[in-house]
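Take a look at the chain below and turn it slowly. Then read on with the view open beside you.

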Amino acid sequence: MKKLLVSFAAFLLFFSIALPANAAPKQIFPGAVWKDNRGQQIQAHGGGILHWKGAYYWVGEDRTPSNDPEKRYVSCYSSKDLVHWTFRGQILALSDPEHLGSHWVLERPKLFHNPRTGKFVLYFHLDDARYKLARVGVAVSDRIAGPYAYVKSFRPLDQESRDIGQFIDDDGSAYLIFESRPTHGFFIAQLSDDYMSVEKQVSFIRAPLEGGAVVHYNGLYYALGSHMTGWRPNPNVYATAPSLSGPWTEFKDIAPPEANTYQAQSAMLLKVTGSKATSVLFMGDIWKPGTLWDSRYLWMPAQIDNGEFHLPVPSPWLINLKSGITTIEPAANPSQQ
Ligand code: DGJ
C-alpha cells in the first residue's frame, strides 16, 4: 500500500509538469500536457480511436476556450505511433441541431468507417443542459478528416443513451456501447449495415456504469466502465464474458479502489496486435470540470492475465507498434526526457 501511495504521489507531481515544447518524446506520459504537431494541447476529450489504413485517428471533444460558445466541436488527430499527433482539423463545428437551448451538450464522439458504403460515421452523445434528451447524434463524411454533416439524432433501441463507447470486433463488426439510466445498466448494440442506426441489442449488462468500453482479448471479452459520479473520478471496474452476449461475470476493480483510477475515467480500450504481442491500452480522461480544455489523458497499457484486468500505476511508457510490445518505464521528471 505504501509503495502504491508513493508511486501515486510521484504520478501526481508528474502530471502537474508540462513537457517542454521542443521535446520529442518517444513515450506517452499519462496525465502530462500532450501537444499536437502545432504545439497546441490536444483537444480530444472523451474520445475514440479509429485504426484506418495504417494510421490511428483520435477524435474527441474540442473544448478550446476560444471556440464559439454557441457551437460544439469535435477535433481529429492522426498518428502512426500513438505518441505524435497531427491536428487534422475541427471535423465538426455544430450549431445546436435540435434546438436544445444554450448549454446543450455534445460529448464522447466516436468514429466508425463503414467498409460497405465507404462513409465515415461519427456518433456522439447529444443532450440538453439537464441531460434529459439522452440521445445519440450522427454525422457523416466521405473523408476521414471531414467536414462532417449532421444527419439526425435518436435514442438507440428506444432507450435513453448518455455516455457512449465504441467497439469493433476482430471480424470487423461494429458496436455502440451506451449507458441507459432507467434500466440501470449499459447496452452493447450492433450497428446496422450502413452504420446509420443501431440495429440489435447484443448484450445488456445490468450495472449502472458510464464511460463504457469493450475489448476482445485472448478469447475473452472485457467490458469496463466507471461509476456515475459526474466529472469526479471513481474506481473503474470490469467484467468478462466468453461471448459478447455474455454471460458477464461480476464487476471487479481495475486498480486499487483508493487510487480512484488515478483520477481518470474510462473512454476507450484499444487493442494493438503486433508480430510478437497483443497489447490492450486503457484510454481515459482526467477531467478538470472548471477548465475542461485542460483535462488530461491517462493512457496506460493494461496488464491482463488469465481473465484479470489490471491498470498499472501511471508511468511513462512506449509501444513498438510492429511487435506490439509495450514497455513501462520508471516514473521520471518529464523535463529530463
Ligand atoms: C460523466 C460522463 O462520463 C461525462 O462524459 C460527462 O457527461 C459528465 N458525467 C458530466 O457530469
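The paragraphs below go from the sheets to the cores, then to the unusual backbone spots and the ligand. Keep in mind that this is a predicted model.

Start with the sheets. Strands of a sheet pair through backbone hydrogen bonds, either parallel or antiparallel. One open sheet here has 4 strands, in the order S13-S14-S15-S16, and its pairing is antiparallel. Its edge strands are S13 and S16, since each pairs on one side only. Look inside this sheet at S14 and S15. They pair in the antiparallel sense over 5 bridges. For a landmark, find Leu224, which stands opposite Tyr238 in S15.

Now move to another open sheet. It has 3 strands in the order S17-S18-S19, again with antiparallel pairing. Here S17 and S19 are the edge strands, and each pairs on one side only. From one strand to the next, the twist averages 20°. S17 and S18 run antiparallel and are joined by 8 bridges. One bridge is easy to locate: Met268 has Met283 in S18 as its partner.

Next, look at how side chains gather. The largest nonpolar core holds 42 residues. Which of them touch the most other members? They are Ile49, Trp58, Leu82, Trp85, Leu270, Trp299 and Phe309. Several strands give two or more residues to this core, among them S2 (55–62), S13 (210–217), S14 (220–226) and S22 (317–320). The strands S17 (265–273), S18 (278–286) and S19 (296–301) also do so. A second, separate core has 21 residues, including Leu100, Leu133, Ala139 and Tyr148.

Zoom in on Leu270 for a closer view. Leaving out residues up to four places away in sequence, Leu270 touches Ile49, Tyr56, Leu82, Ser279, Val280, Leu281 and Met283. Two of these names, Ile49 and Leu82, were also in the list of core residues that touch the most other members.

The backbone deserves a check too. Most residues other than glycine have a negative phi, and most peptide bonds are trans. Where does this model depart from that pattern? Take the peptide bonds. The bond from Gly146 to Pro147 is cis, with omega near 5°. Pro147 lies in the loop between strand S7 (135–141) and strand S8 (149–154). Another cis peptide bond joins Gly246 and Pro247, where omega is about 0°. Pro247 sits in the loop between strand S15 (237–241) and strand S16 (252–253).

Phi gives two further cases. Tyr131 is not a glycine, but its phi is positive, near 60°. This residue is found in the loop between strand S6 (120–127) and S7. Tyr195 also has a positive phi, near 65°. Its loop runs between strand S11 (185–191) and strand S12 (198–205). Are these two tyrosines buried or exposed? Tyr131 is partly exposed, with a relative accessible area of 28%. Tyr195 is buried, at 4%.

Tyr131 also leads to the ligand. It is one of the residues around the ligand, along with Glu107, Arg108, Asp163, Glu210, Gly230, Trp231 and Gln265. Which atoms make polar contacts there? A polar side-chain atom of Arg108 lies 2.9 Å from an oxygen atom of the ligand. A polar side-chain atom of Gln265 lies 2.8 Å from an oxygen atom of the ligand. Gly230 uses its backbone: an N or O atom there lies 3.5 Å from a nitrogen atom of the ligand.

Technical notes. Residues are numbered from 1 along each chain as its sequence is written. This is a predicted model: local features need pLDDT of at least 70, side-chain atom pairs count only at pLDDT 80 or more; totals for chains, interfaces and linings use all residues. Side-chain values use heavy atoms; hydrogens and water are left out. A nonpolar core is a set of buried Ala, Val, Leu, Ile, Met, Phe, Trp, Tyr and Cys residues joined through side-chain atoms within 4.5 Å. Buried means under 20% relative accessible area, exposed over 50%, partly exposed in between (1.4 Å probe, protein chains only). Contact means heavy atoms within 4.5 Å. Two strands pair if DSSP finds at least two bridges between them. Axes are lines fitted to C-alpha atoms, for helices over the stretch in contact, and angles run from 0 to 180 degrees between N-to-C directions. A residue is near a molecule or strand if one of its heavy atoms lies within 4 Å of it. A polar contact is a pair of N or O atoms within 3.5 Å; within protein, one must be able to donate a hydrogen and the other to accept it, and residues adjacent in sequence count only if both atoms are side-chain atoms.
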